[in-house]
Amino acid sequence: MASVYTYDGSKTLAHDLAKYIIAQQDNALQNGKRFNIAVSGGSLLKALNAGLIQDPELKSKVEWSHWHVYFCDERIVALEHEDSNYGAFKKQVLDPLLEEDGALGPTCYAINESLVGLSENDRIAAEYETLLPDHFDLILLGCGPDGHTCSLFPGETHEYLLEETQKRVAWCHSSPKPPSDRVTFTLPMLESAQALAFVAEGASKQPILERIIEGHDTSLPAGLVTENYQSAVSWFVDEAAVKGVSVKRETYSSH
Ligand SMILES: O=C(O)[C@H](O)[C@@H](O)[C@H](O)[C@H](O)COP(=O)(O)O
């Protein structure tokens, strides 16, 4: 069964999420020198800022110089563009880290920006795949109100992404959420991760979380990931996102 950790507010959620991330980091660094982590875009990045950068109890426990950071999905835009997930990560994590005395930052892996705008989207995905490690210690996921995760969207148009068995990164075209062209991790990439954690906050996520957590709905990509890889999956959610959903209320700290 996937674990569902539930919080009253963003601050406590971000604190426990950071504790969970640091536990995965420490596990990885016991066995080697790298912590391979992939992040999504969206509201998750604010939680990373609050938990890993601002939290006075936890910030000194993050060994940034051993982190290798990849992007679960990326919009095919310039890295400076406001839609870039790398750009959003830079704003929420890399730039604030520069303000910290003596902090050494992580190594980040962005898409090849020189191919953006050249109709070379398959090549961008293929090149990104060559950068990936064999497996991830942790993949941090979001969940859209339509049940998408990474840029794996529900519905017929994007079935080809869920059916992919060879490529670990694929080009997602005609995305229902702009921008239209993206690259995304595929299911084989997600499957190989040691741990997968979803973060979802706010009342707008409630109907979809009801379908995923209570209804075990595998027609939704986030539901499929939750059901297929359940022993690796944790959800960090706030009360508003699971209001009325039948789920045992527990927190990561008390687990
Ligand atoms: O680039 C993207 O589009 C994101 O990676 C996306 O998959 C995100 O994680 C979800 O849409 C949830 O986003 P929110 O948490 O902002 O709702």
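Over residues 11-228, the chain of this predicted model is 38% helix and 15% strand. The C-alpha atoms at the two ends of this stretch are 30 Å apart. The stretch takes its limits from UniProt, where an unreviewed entry gives residues 11-228 the annotation "domain: Glucosamine/galactosamine-6-phosphate isomerase".

How confident is the predictor? The mean pLDDT of the protein chain is 96, and 99% of its residues reach 70 or more. These values are helpful to keep in mind, because predicted coordinates should not be read in detail where pLDDT is low. For the complex, the predictor gives an ipTM of 0.96 and a pTM of 0.97.

The strands can now be followed sheet by sheet. One open sheet has seven strands, and a reader tracing them across the sheet meets them in the order E1-E10-E9-E6-E2-E3-E5, with parallel pairing. Strand E1 (3-7) and strand E5 (107-108) each have a single partner strand, so one side of each is left without a neighbour in the sheet. For E1, a partner is strand E10 (residues 233-238); the two run parallel and are joined by five bridges. One pair to look for in the structure is Ser 3 with its bridge partner in E10, Ser 234.

A second open sheet is built from three strands in the order E4-E8-E7, and here the pairing is antiparallel. Its edges are strand E4 (73-75) and strand E7 (169-172), each of which pairs on one side only. From one strand to the next, the twist averages 20°. Three bridges hold the antiparallel pairing of E4 with strand E8 (residues 182-185), and among the residues involved, Asp 73 has Thr 184 in E8 as its bridge partner. Helix H4 (residues 121-131) packs on this sheet, where it touches E7 and E8. The direction of H4 makes about 155° with that of E7.

Two loops hold backbone details that reward a closer look. Most residues other than glycine have a negative phi, and most peptide bonds are trans. In the loop between E7 and E8 lies Pro 179, which is joined to Pro 178 by a cis peptide bond with omega of about -5°. The loop between E5 and H4 contains Ser 119. Phi of Ser 119 is near 55°, a positive value in a residue other than glycine.

Finally, which residues surround the ligand? There are 14 residues around the ligand, and those that come nearest are Ser 40, Gly 41, Gly 42, Ser 43 and Gly 142. By residue class, the shell around the ligand divides into nine polar, three nonpolar and two charged residues.

How values were computed. Residues are numbered from 1 along each chain as its sequence is written. This is a predicted model: local features need pLDDT of at least 70, side-chain atom pairs count only at pLDDT 80 or more; totals for chains, interfaces and linings use all residues. A residue is near a molecule or strand if its C-beta atom, placed from the backbone, lies within 6 Å of it. Ala, Val, Leu, Ile, Met, Phe, Trp, Tyr, Cys and Pro count as nonpolar, Asp, Glu, Lys and Arg as charged, and the others, Gly among them, as polar. Two strands pair if DSSP finds at least two bridges between them. Helices (H or I, at least four residues) and strands (E, at least two) are DSSP runs, numbered from the N terminus. pLDDT is the predictor's confidence in each residue, from 0 to 100. UniProt positions are given in the numbering used here, feature names are shortened, and annotations may be inferred rather than shown by experiment. Axes are lines fitted to C-alpha atoms, for helices over the stretch in contact, and angles run from 0 to 180 degrees between N-to-C directions. Two residues are in contact if their C-beta atoms, placed from the backbone, lie within 7 Å.
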